[in-house]
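Student: Please pick one part of this model and go through it closely. Then follow the contacts and pairings outward, with the numbers included.

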Amino acid sequence: MLLSCSQLTKSFGDKLILDQVSFSINEGDRIGLIGVNGAGKSTLLNLLTGKYEPDSGEIARGSGAVGYLEQNSGLETGRSILDEMLSVFSSLLETEERLRALEQEIASLPPDSPLYEERSAEYARLTAEFEAGDGYLIRVKIETVLNGMGFPKELYGRGIGSLSGGEKTRLAMAKLLLEQPALLILDEPTNHLDFKTVMWLEGYLAGYKGALLVVSHDRYFLDRLVTQIWELEERRLFDYPGNYTKYKQLKAERREAWQKAYDKQQAQIASMQEYAEKNIVRASTSNRAKSRLHQLANMERIEKPFGEQKTPSFRFSVSTSPVKELLTVKELELAVGEGEGRKVLADHLSLEIRRNEKAAVIGANGIGKTTLLKSLLGLLPQKGDIRWGRGATKSYYDQESGQMNPENTALEELWSRFPSLPEHQVRGLLGRVLITGDNCYKKVSVLSGGERARLGFAILMAEGRNTLLLDEPTNHLDLASREELEQALAEYEGTLIFVSHDRYFLNAIPTKILELDETGVSVYPGNFEDYLAAKEKEKAGQPPEPPAPASPPGEKGEGYYRSKQQRSEDAKRRKRLAELEQLTEELDGTILRLEIEISDPENGADYQLLQDLCADLEEARAAHDAALEEWLELSGG
């Protein structure tokens with residue numbers, strides 16, 4: 001037994017966080033700890049590591065060390081990366097230094113001297129200790145872990161003080177892995193790691209000799225690594241054998257069985273109470289009635305099952321449909337900065353997105369995935385050709401909420417974008433994403449990460465565009481909210497282009513994977529598992545899957561006209577298409593002008609003007625949609 005907890009209770013003020021929680025952790029355990037945001041996961045970890053003391057209950061710790069990953073944990077900023085890793089093995093390195101000194105001393109002593117025998121015995125003893133501690137593998141271990149965590153040899157001499165926050169977190173994890181505590185506790189270890197590093201970490205932890213307790217929202221990581229799921233719910237801890245996927249099945253079964261047992265007992269209680277009430281005053285049945293009452297008084301009552309956790313209700317609708325060839329990108333160069341500070345991240349990017357495709361953008365950290373999304377939207381100037389098909393309407397989800405006004409309340413942020421909506425509709429949208437009551441009046445700057453994320457999705461739902469560009473959409477969402485978002489995006493009838501590190505999400509949503517690197521973009525059909533299979537084939541030198549067959553050619557007669565009437569009708573169609581193209585362009589300009597006027601602070605106090613502008617905007621949008629629908633019908637899009 002490495003650690004045991006009995007009846008742990010912890011409160012902060014009058015808020016009860018954990019209520020009589022009991023469990024034990026044994027050697028070889030692989031545990032995933034989950035729960036909604038605020039369920040008490042961090043509180044429990046702080047109790048286990050001694051940062052907090054429980055209000056009541058006991059914690060018994062075994063003799064093995066407990067390692068806990070915290071940001072920048074235990075790093076000496078004055079050291080180099082290599083020196084920091086070597087400090088883990090300081091005792092073995094001292095032994096190695098003593099061995100080298102003994103070798104020189106023994107070599108200078110006569111073999112028949114008493115001191116020679118004494119030093120030889122010490123040398124043999126220290127050599128056994130050094131070998132038992134894998135002293136000859138110290139540098140191999142360090143290189144293996146540092147390379148896996150993204151630190152190549154050329155960085156070993158770099159000072160820790162010069163590292164970024166993310167690099168320090170990765171280095172702290174590398175140090176903890178080298179320390180190999182008997183119980184390794186990791187809190188969101190995959191945050192901000194690229195795929196290569198995450199998959200290396202999975203493989204390393206799969207062979208880890210100690211026990212693991214992992215807090216993670218990464219469902220793919222939990223599926224591959226853990227054999228138990230602990231869920232904190234309603235201040236209690238529930239244990240499920242298996243990985244995350246198995247947990248979902250077992251939890252549904254447990255809830256169903258619990259509800260049935262509760263309903264059955266409630267029916268039994270009602271029946272016994274009714275019998276007692278009817279028969280207690282009758283002499284012939286009074287004793288039986290008293291017996292029922294005695295049974296009721298001593299009955300162990302089944303607790304009423306918890307209500308289903310409230311989750312946001314996402315639904316993304318599409319008001320119009322674009323042409324089939326939605327997006328064409330040719331020879332795009334992704335860069336950041338200006339002038340001498342301009343840095344090219346990736347070059348020669350060419351890709352195509354068709355209507356209703358769901359494309360996931362992946363690649364190493366810093367390769368330009370977010371830059372790509374912003375470039376496609378025209379938010380960043382780039383070299384290359386980006387062409388959106390007619391009828392494409394675009395919404396952008398920014399993981400940093402950079403497009404929101406931090407001084408607005410949640411209500412103001414949504415309402416300012418759709419001023420023609422009545423207040424009850426705006427509040428209804430916020431309610432669907434669980435921003436209710438006083439939270440509607442919280443400023444964007446003080447909303448939690450999850451609240452800001454849900455507000456961002458409320459904006460997308462209200463916009464109703466046919467193309468969504470999403471940057472890390474599952475960041476800041478708890479597991480239940482992620483699954484609701486997955487369901488909504490799977491049902492979305494528009495086109496998706498998104499960046500994500502969430503591999504569970506990448507398995508559920510995309511129809512193709514776009515992998516970015518410095519030289520361009522590689523396209524892999526299917527989801528993340530299909531991508532991994534394709535990469536394995538590439539490593540093995542196998543040829544890629546053949547491309548999908550082209551659409552069958554048209555029937556005989558297509559491509560030429562069989563009558564003057566057909567030629568005349570086609571000429572009319574082309575003329576009308578040109579008229580509609582000009583009309584939609586004019587309406588685009590009108591809509592943009594009206595949106596600018598509506599958002600102008602100087603017009604904010606003139607209610608009548610705003611009402612007129614909103615009415616004109618609705619009329620222009622309706623005319624635009626009608627023209628676009630006619631254009632699509634005539635063009636065959």
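Tutor: Two strands count as paired if DSSP finds at least two bridges between them. Strand β10 (residues 325–336) and strand β11 are joined by 8 bridges and run antiparallel. The model is a predicted one, and the part chosen here is the sheet to which these strands belong. One bridge of the pair can be named: Thr328 has Glu352 of β11 as its partner.

The sheet is open and has 3 strands, in the order β11-β10-β13, with antiparallel pairing. β11 (343–354) and β13 (383–388) are the edge strands; each has a single partner, so one side of each has no neighbour in the sheet. Ignoring direction, neighbouring strands are turned against each other by 15° on average. In general, the strands of a sheet pair through backbone hydrogen bonds, either parallel or antiparallel. A helix is also in contact with the sheet: α11 (residues 369–376) lies across β10, β11 and β13, and runs at about 125° to β10.

The chain can be followed from β11 into the loop beyond it. Glu357 makes a salt bridge with Lys512, with 3.1 Å between the closest N and O atoms. Glu357 is in the loop between β11 and β12 (358–363), while Lys512 is in strand β17 (residues 512–517), so this pair ties together parts 155 residues apart in sequence. Buried means a relative accessible area under 20%. Glu357 is buried because its relative accessible area is 19%, and Lys512 is buried at 10%.

Strand β17 also takes part in a second salt bridge, in which the side chains of Glu515 and Lys535 meet at 3.1 Å, N to O. Here the linked parts of the chain are strand β17, with Glu515, and helix α17 (residues 528–539), with Lys535; the two residues are 20 apart. Glu515 is buried, its relative accessible area being 17%, whereas Lys535 is partly exposed at 23%. Lys535 has another salt bridge, to Glu538, where the closest N and O atoms are 3.6 Å apart. That pair lies within α17, its members 3 residues apart, or about one turn of the helix. An α-helix has 3.6 residues a turn, so residues three or four places apart point the same way. Glu538 is partly exposed, with a relative accessible area of 41%.

These pairs belong to a longer list, since the structure holds 40 salt bridges. Elsewhere in the chain, Glu231, Glu233, Lys251, Arg254 and Arg255 are linked in a network of them.

Lys358, in β12, leads to the nonpolar interior. Lys358 is touched by Leu489, which also contacts Phe316, Leu468, Leu470, Leu496, Phe505 and Ile509, leaving out residues up to four places away in sequence. Leu489 is one of the residues that touch the most other members of the largest nonpolar core, which has 96 residues; the others so named are Leu146, Leu171, Leu205, Phe316, Leu414 and Leu455. Apart from this core lies another, of 25 residues, including Leu45, Ile185, Ala211 and Val215.

Leu45 is also among the buried residues of helix α1, together with Lys41, Thr43, Leu44, Asn46, Leu47 and Leu48. In total, 7 of the 8 residues of α1 (residues 41–48) are buried, so the helix is largely enclosed by the rest of the structure. Gly50, just after α1, has a positive phi of about 85°.

Leu48 is in turn touched by Cys5, whose contacts also include Val21, Ser22, Phe23, Glu58 and Ile59, again without residues up to four places away in sequence. Cys5 belongs to strand β1 (residues 3–12) and is buried, with a relative accessible area of 3%. To place Cys5 relative to the starting sheet, take Leu326 as the reference: the two C-alpha atoms are 57 Å apart, and the residues are separated by 321 positions along the chain.

One helix pair completes the survey. The axes of α5 (residues 138–148) and α7 (residues 195–206) come within 9 Å and cross at roughly 140°. The two helices are therefore oblique to each other. Thr144, Val145 and Gly148 of α5 make the contact with Thr197, Trp200 and Tyr204 of α7.

How values were computed
Residues numbered from 1 in each chain as written. Predicted model: local features only at pLDDT ≥ 70, side-chain atom pairs only at ≥ 80, totals over all residues. Heavy atoms only, no water. Helix = DSSP H or I, 4+ residues; strand = E, 2+ residues; numbered from the N terminus. Axes fitted to C-alpha atoms, helices over the stretch in contact; angles between N-to-C directions. Contact = heavy atoms within 4.5 Å. Core = buried A, V, L, I, M, F, W, Y, C linked by side-chain atoms within 4.5 Å. Buried < 20%, exposed > 50% of the residue type's maximum accessible area, 1.4 Å probe, protein only. Salt bridge = Lys/Arg side-chain N within 4 Å of Asp/Glu carboxyl O. Parallel < 35°, antiparallel > 145°, perpendicular 65-115°, else oblique.
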